[in-house]
Amino acid sequence: MMPSTVQHRSSGHTMILLQEIHHRVANELQGLVGALSPPRAKQMLDGSGAVARAVERIGHIARLNRQIYEAPTSLVFSQHCRELCAGVLSAFGRSDIVLLIDFMAEPASREQRLTVALIVVELLTNAVKHSLADERDACIRLELTTTPCGSLRLTASDSATIQEPTSLTSSSIVRLLAEDAGGSVTITADPGYIATVVLPKY
């Protein structure tokens with residue numbers, strides 16, 4: 001690969017990560033605005049414990065962002081993603097969602113670890129905010145395997161019973177991250193959503 005190609009790819013990757021960070025922060029701020037809306041503010045004044053819950057949510061969000069970018073490479077990747085997913089569910093107060101994680105493969109590099117982690121968090125966030133927003137006692141399954149040719153395959157599916165246009169699988173950030181890494185995204189819905197992300201083995 002020519003140096004100019006490498007530089008262009010690195011620049012493109014940086015721009016995508018910046019977009020992803022902006023998207024995540026916007027989502028988190030929107031959630032906090034809802035938590036501190038006038039009706040909630042009245043509850044706070046009534047001593048309902050809403051302030052404590054809002055502060056707790058802010059803490060969950062801060063920890064989640066640190067976990068994404070500061071995780072040691074020595075940490076088993078499946079455990080890393082399990083902790084990230086637990087952080088997402090805690091930030092949204094969705095203790096009713098059952099999370100099933102079955103990772104039989106490991107990313108090949110530190111960069112690929114970060115890419116897969118970002119995709120996992122983005123898919124889960126979209127599922128909680130959109131696909132499963134009005135459904136309780138739901139389920140999300142994450143699987144990481146290798147294809148016969150050695151590529152990495154991430155499959156995310158949910159138990160949604162109603163198909164929404166903006167769902168677990170509709171994130172443009174997921175597509176950008178996958179395509180920038182040389183991979184692809186496939187979307188199906190029958191009736192729950194299934195996103196399959198395939199990344200090169202290198």
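**Exercise 1.** Which residues in α4 are buried?

*Solution.* In this predicted model, the buried residues of α4 are Phe77, His80, Cys81, Leu84, Cys85, Gly87, Val88, Leu89 and Ala91. Just after α4, Gly93 takes a positive phi of about 65°.

**Exercise 2.** Compare the expected span of helix α4 (residues 77–91) with the distance between its end C-alpha atoms, and then do the same for helix α5 (residues 110–131).

*Solution.* For α4, the 15 residues at 1.5 Å a residue should span 21 Å, and the end C-alpha atoms are 21 Å apart, which agrees. For α5, the 22 residues at 1.5 Å a residue should span 32 Å, and the end C-alpha atoms are 30 Å apart, which agrees as well. As for its surroundings, α5 is mostly covered, since 17 of its 22 residues are buried.

**Exercise 3.** Trace the pairing of strands β1, β2 and β3, following Glu143 from one partner to the next.

*Solution.* Begin with β1 (residues 98–103) and β2 (residues 139–146), which run parallel and are joined by six bridges; within this pairing, Asp102 has Glu143 in β2 as its bridge partner. Between these strands the chain passes through α5, and the resulting β-α-β crossover is left-handed. Next, β2 is joined to β3 (residues 152–158) by seven bridges, and the two run antiparallel, with Glu143 standing opposite Thr155 in β3. Finally, β2 and β3 form a hairpin with five residues between them, where Gly150 in the turn has a positive phi of about 95°.

**Exercise 4.** Determine how many disulfides the model contains, taking a cut-off of 2.5 Å between cysteine sulfur atoms.

*Solution.* Applying this cut-off gives a count of zero disulfides. Turning to accessibility, Cys139 is partly exposed at a relative accessible area of 25%, whereas Cys149 counts as exposed at 55%.

Note on methods: Residues numbered from 1 in each chain as written. Predicted model: local features only at pLDDT ≥ 70, side-chain atom pairs only at ≥ 80, totals over all residues. Heavy atoms only, no water. Helix = DSSP H or I, 4+ residues; strand = E, 2+ residues; numbered from the N terminus. Expected span 1.5 Å × (residues − 1). Buried < 20%, exposed > 50% of the residue type's maximum accessible area, 1.4 Å probe, protein only. Pairing = 2+ DSSP bridges. Right-handed = clockwise from strand over helix to strand, strands pointing away.
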